[in-house]
Amino acid sequence: MEHHNARHSVSVAGVIIDDQGRALLTQRRDNDHWEAPGGVLERDEDITTGLLREIHEETGLHVEPVTLTGVYKNMTRGIVALVFRCKVIGGHLTETDETRAFRWVTADQVRELASEAFAIRVLGAMRHDQAPAIRHHDGTHLLGSSQLPE
């Protein structure tokens, strides 16, 4: 098996849930997509530190991770994403160089706003009754699964 110096990167995302069970989506400035806040870990950064940094950089919020809700791999780009359910412990929503807008959304609104590959992450984190999901996608669509959960 040939690897040709293949490398993976690891990203983290925080699905922040409010007291009404809604999730926070951010609209990215670079592509206008609606996603949970997050990004790629720095090489010397531990997972929790990177998660907290990325969320604060993109939202202005301070959060506490509650649980790992899923592991997702973008097969096209070689990015493994760790997704956590989080709760706000401080800060204020603030637009940044990376984030154009914010919305607190229901599960139905997640399905309307986010691409399938990112909606599945948020929907999984909004559910409290299951083990972490392990899924694969091509950057937009899920691979090996034909639809989003109800």
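# Briefing: two sheets, a pocket and three residues

Leaving aside neighbours within four places in sequence, Q27 is in contact with D32, H33, W34, E98, T99, R100 and A101. The model is a predicted one. Six strands form one open sheet, and three strands form another open sheet. The points below begin with Q27 and its surroundings, then turn to the sheets, the helices, the pocket and H8.

**Q27 and its surroundings**

- Q27 has its place in strand β2.
- Q27 is buried because its relative accessible area is 15%, and the cut-off for buried is under 20%.
- A polar atom of the Q27 side chain lies 3.3 Å from the backbone oxygen of D32.
- D32 is also one of the residues in contact with Q27.

**R100, a contact of Q27**

- R100 lies in strand β7, which covers residues 99-105.
- With a relative accessible area of 32%, R100 is partly exposed, because this class takes in values between the 20% limit for buried and the 50% limit for exposed.
- Setting aside neighbours within four places in sequence, R100 is in contact with Q27, R28, R29, D32 and E95.
- The side chains of R100 and D32 are joined by a polar contact of 2.9 Å.
- R100 and W34 are 66 residues apart in sequence, and their C-alpha atoms are 9.8 Å apart in space.

**The three-stranded sheet**

- This open sheet has the strand order β3-β2-β7, and its pairing is antiparallel.
- β3 (34-35) and β7 stand at the edges with a single partner strand each, so one side of each is left without a neighbour in the sheet.
- Two bridges join β2 to β3, and these strands run antiparallel.
- Across this pairing, T26 stands opposite E35 in β3.

**The six-stranded sheet**

- The strand order in this open sheet is β4-β1-β6-β5-β8-β9, with mixed pairing.
- Its edge strands are β4 (38-40) and β9, each of which pairs on one side only.
- At the β4 end, three bridges join β1 to β4, and the two strands run antiparallel.
- One residue of that pairing is S11, whose bridge partner in β4 is V40.
- Further along the order, five bridges join β5 (residues 61-74) to β8 (residues 133-137), and these strands run parallel.
- In this parallel pairing, Y72 stands opposite R135 in β8.
- At the β9 end, two bridges join β8 to β9 (residues 142-143), which run antiparallel.
- H137 has L142 in β9 as its bridge partner.
- β8 and β9 form a hairpin with four residues between them.
- In the turn of this hairpin, G139 has a positive phi of about 105 degrees.
- In a regular strand the side chains alternate between the two faces of the sheet.

**Helices against the six-stranded sheet**

- Helix α1 (residues 47-59) lies across β1, β4, β5 and β6 (79-91).
- The direction of α1 is at about 110 degrees to β5.
- Helix α3 (residues 116-126) packs on the sheet and touches β1, β5, β6, β8 and β9.
- The direction of α3 makes about 130 degrees with that of β5.

**The largest pocket**

- The largest pocket has a volume of about 640 Å³.
- Its lining is made up of 29 residues, and R28, E35, R77, F118 and R121 lie nearest its centre.
- At least two residues of the lining come from each of β1, β2 (23-28), β4, β6 and α3.
- E35, one of the residues nearest the pocket centre, is also the residue in β3 that T26 stands opposite.
- R28, another of the residues nearest the centre, is in contact with R100.

**H8, before β1**

- H8 is found in the segment before β1 (9-16).
- H8 is exposed because its relative accessible area is 51%, and the cut-off for exposed is over 50%.
- Apart from neighbours within four places in sequence, H8 is in contact with K73, G78 and V80.
- A polar contact of 2.8 Å joins the side chain of H8 to that of K73.
- H8 and I79 are 71 residues apart along the chain, while their C-alpha atoms are separated by 5.6 Å.

Terms used: Residues are numbered from 1 along each chain as its sequence is written. This is a predicted model: local features need pLDDT of at least 70, side-chain atom pairs count only at pLDDT 80 or more; totals for chains, interfaces and linings use all residues. Side-chain values use heavy atoms; hydrogens and water are left out. Buried means under 20% relative accessible area, exposed over 50%, partly exposed in between (1.4 Å probe, protein chains only). Contact means heavy atoms within 4.5 Å. A polar contact is a pair of N or O atoms within 3.5 Å; within protein, one must be able to donate a hydrogen and the other to accept it, and residues adjacent in sequence count only if both atoms are side-chain atoms. Two strands pair if DSSP finds at least two bridges between them. Axes are lines fitted to C-alpha atoms, for helices over the stretch in contact, and angles run from 0 to 180 degrees between N-to-C directions. On a 1 Å grid over the protein atoms alone, a cavity is a set of points where a 1.4 Å probe fits but cannot get out, and a pocket is an open set with protein on both sides within 12 Å along at least five of seven lines; lining residues have an atom within 4 Å of a point. Grid points are joined across faces, edges and corners, and a volume is the space filled by probe spheres set on the points.
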